[in-house]
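The following exercises are intended for a first-year student. Each consists of a task and a solution that proceeds step by step.

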Amino acid sequence: MSEDIYVLGIETSCDETAASVVKNGIEIISNVVASQIESHKRFGGVVPEIASRHHVEQITLVIEEALKEADMVPAQLSAVAVTEGPGLVGALLIGVNAAKAFAFAHQLPIVGVHHIAGHIYANRLAQEMQFPLLALVISGGHTELVYMNEHGHFDVIGETRDDAAGEAYDKVARTLNLPYPGGPHIDRLAHESNKPVDFPRVWLEEGSYDFSFSGLKSSVLNYMHNAAQRGDQVEPADVAAGFQNSVVEVVTAKTLRAAEQYKVKQVIAAGGVAANKGLRASLEKAFAEKGTPFFIPPLSLCTDNAAMIAAAGTIMYEKGIRGNMAMNGRPGMEMDSWI
Amino acid sequence: MIYLGIDTSNSPLAIALAKEDTIIIEETTNLKINHSLTAMPAVEEMMKKAKIAPANLTHIAVAQGPGSYTGVRIGLTIAKTLAWSLKIPLHMVSSLKVLAANGQNFDGIICPLMDARRGTAFMAAYQGETLDSVIADQHSEVKDFILRLKELGRPVLFVGIDVEIHKEVIHEILGEQASFAAPQNRLPRASNLIMLAKQSEEQNVHHAVPEYRRITEAEANYNKAQGGEKS
Ligand SMILES: [Zn+2]
């Protein structure tokens, strides 16, 4: 039996400052997240400059807390893993430079992790991964279907061509005058409707696994606009339910079809929108009928966190991948395989 | 005592190592290269050359801003993480004061300047060998600030690479009253930063944040919409 691997993860790609220690890529020893939601609320969304300012204020506190919670000293760590991209450039480089300085101070190896790989590996903290595998990554920044035939191999088979699903949720929530972040409010409202509005489903070309949500978003805006012009009363719950039904139906169908075509042994979902009750129920039902194992990590691992970065970073570390002091935040980082 | 000094607050990158009162090595790079990419490799390289291990450091000095938002954040993040990781004191010095130190022997007012676009700049006025503050660090319309300097009725030395951008308006208002640092004295030097840091108080590492001297555009717009205080 080889020695245990302890990786410190650091994540600052958007509006959460997070640090975590993970053992052997599967066990969370500590997981600290400082959320900035309150501070961005008044602007109705994440303001990049403000996000960067908060990261600088929080970063050492959060890392210290993660080590304290883990009851560990830096010398016990095997490596530092940090989100290298994609994300907000000014936010990413706080985590990257803190990680580099920390790794340099303690002469530890450093690995740069792709944020989406992190989301996928969040599952490994709850349930061992079975390959081949299909991952649905759905959040405020991403909507992607990723096929993996082994650890560290990523094949993006579908992605959004415009808005991310979570982005569409936020925009629709804003037109319904729901507070930021709007996703959970739409999800809640949708369950109160018994007459959902019928919005279009966007399937794109035959056989495509890509997504598009901006047309759906426009349909919702048009519907609201027309109703206002006619002086009709709009029932927000019916709009929320109609919008959510369209998203859920398309996402479920495409994920199901991809899982069949690629003959995967396991389907996992990740990202903040994966916590959506409507989507979760639909995916669970569809895969239960097919008999394909389907998992979603607990909510705290669906949203941005550093444990997922440490989990993914552990595999990279084991595969011998190393970053160096010239690592930089890469806002448009592509999802390349590690092998 | 071994000090590491880092200044990334404007486009130049300035780093230095000092043992007691001896500057061991100092480096200023005036290339417009992303500090996020180059600062840590430069520090690593310099310390290797000086045969100083991270654990040998006893103090970290950093230029706190004002300057480029991203630039000061990179320097601060590196400095506070190093200081916290190594459990050693962190010292912060105004980026403008670091620049002003280049004119320490000037008999008159020293005005460091970093351009902040749209006719504005981060500016200050210092004087004397001890660099006493005459006008505090601030974000100002360049013209307004120069008019204030004129009122002081003393010779003014302008320091900083961005001085060129505003040379015309400086000449126009101050005429003979203005002079400009020689090219070799326009770049920030981390040796100056370290010497100034030695006279400064130790900072609480966790609470150490950049001195931006300007609120964000989003906050300014929000305040305006609220009819509240202006920037
Ligand atoms: Zn994310």
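**Exercise 1. Decide whether A:R53 is buried or exposed in this predicted model, and describe its surroundings.**

Solution.
Step 1. Locate the residue: A:R53 belongs to helix α2 of chain A, which covers residues 48–70.
Step 2. Recall the cut-off: a residue counts as buried under 20% relative accessible area.
Step 3. Apply the cut-off: the relative accessibility of A:R53 is 11%, and A:R53 therefore counts as buried.
Step 4. Look for a polar partner: the side chains of A:R53 and A:E49 are joined by a polar contact of 2.8 Å.
Step 5. List the contacts, setting aside neighbours within four places in sequence: A:R53 is in contact with B:Y69, B:R73, B:Y212, B:R214, B:I215, B:T216 and B:E219.

**Exercise 2. State how many residues each chain brings to the contact between chain B and chain A, and which three residues of chain B supply more of its buried area than any other three.**

Solution.
Step 1. Count the residues: chain B contributes 33 residues and chain A contributes 30 residues.
Step 2. Consider the area: about 2900 Å² is buried between the two chains, and carbon and sulfur atoms give 68% of this area.
Step 3. Identify the three residues: B:R73, B:W84 and B:H206 together supply 21% of the area that chain B buries against chain A, more than any other three residues.
Step 4. Connect this with Exercise 1: B:R73 is one of the residues in contact with A:R53.

**Exercise 3. Determine how helices α5 and α8 of chain A are oriented towards each other, and which residues meet.**

Solution.
Step 1. Identify the helices: α5 of chain A comprises residues 165–175, and α8 of chain A comprises residues 236–261.
Step 2. Note the geometry: the two helices pack at an angle of about 170 degrees, and their axes are 11 Å apart.
Step 3. Recall the cut-off: angles over 145 degrees count as roughly antiparallel.
Step 4. Conclude: α5(A) and α8(A) are therefore roughly antiparallel to each other.
Step 5. Name the residues: from α5(A), A:A168, A:Y169 and A:V172 meet A:F243, A:Q244 and A:V247 of α8(A).
Step 6. Classify them: this contact has five nonpolar residues, one polar residue and no charged residues.

**Exercise 4. Describe where A:D163 lies and which side chains make polar contacts with its side chain.**

Solution.
Step 1. Locate the residue: A:D163 is in the loop of chain A between β8 (155–159) and α5.
Step 2. Judge its accessibility: A:D163 counts as buried because its relative accessibility is 8%.
Step 3. Find the polar partners: the side chain of A:D163 makes a polar contact of 3.4 Å with the side chain of A:K171 and one of 3.0 Å with the side chain of A:K217.
Step 4. Complete the list: not counting residues up to four places away in sequence, A:D163 touches A:A168, A:K171, A:F213, A:S214 and A:K217. Of these, A:A168 also takes part in the contact of α5(A) with α8(A).

**Exercise 5. For A:Q107 and A:L204, state the phi angle and decide whether each residue is buried, partly exposed or exposed.**

Solution.
Step 1. Examine A:Q107: this residue is not a glycine, yet its phi is positive, at about 50 degrees. A:Q107 lies in the loop between α3 (89–106) and β5 (110–114) of chain A.
Step 2. Apply the cut-off of over 50% for an exposed residue: A:Q107 has a relative accessible area of 55% and is therefore exposed.
Step 3. Examine A:L204: this residue, also not a glycine, has a positive phi of about 60 degrees. A:L204 lies in the loop between α6 (183–190) and α7 (214–230) of chain A.
Step 4. Compare with the limits: at 31% relative accessibility, A:L204 counts as partly exposed.

**Exercise 6. Locate the cis peptide bonds that precede A:P132 and B:P66.**

Solution.
Step 1. In chain A, the peptide bond from A:F131 to A:P132 is cis, with omega near -5 degrees. A:P132 is in the loop between α4 (115–121) and β6 (133–138) of chain A.
Step 2. In chain B, B:G65 and B:P66 are joined by a cis peptide bond with omega of about 5 degrees. B:P66 is in the loop between β4 (59–63) and α2 (69–86) of chain B.

Notes. Residues are numbered from 1 along each chain as its sequence is written. Chains are lettered from A and ligands numbered from 1 in the order in which they are written. This is a predicted model: local features need pLDDT of at least 70, side-chain atom pairs count only at pLDDT 80 or more; totals for chains, interfaces and linings use all residues. Side-chain values use heavy atoms; hydrogens and water are left out. Axes are lines fitted to C-alpha atoms, for helices over the stretch in contact, and angles run from 0 to 180 degrees between N-to-C directions. Helices (H or I, at least four residues) and strands (E, at least two) are DSSP runs, numbered from the N terminus. Angles under 35 degrees count as roughly parallel, over 145 as roughly antiparallel, 65 to 115 as roughly perpendicular and the rest as oblique. Contact means heavy atoms within 4.5 Å. Ala, Val, Leu, Ile, Met, Phe, Trp, Tyr, Cys and Pro count as nonpolar, Asp, Glu, Lys and Arg as charged, and the others, Gly among them, as polar. Buried means under 20% relative accessible area, exposed over 50%, partly exposed in between (1.4 Å probe, protein chains only). A polar contact is a pair of N or O atoms within 3.5 Å; within protein, one must be able to donate a hydrogen and the other to accept it, and residues adjacent in sequence count only if both atoms are side-chain atoms. Buried area is the accessible area (1.4 Å probe) that two parts lose on being put together, summed over both.
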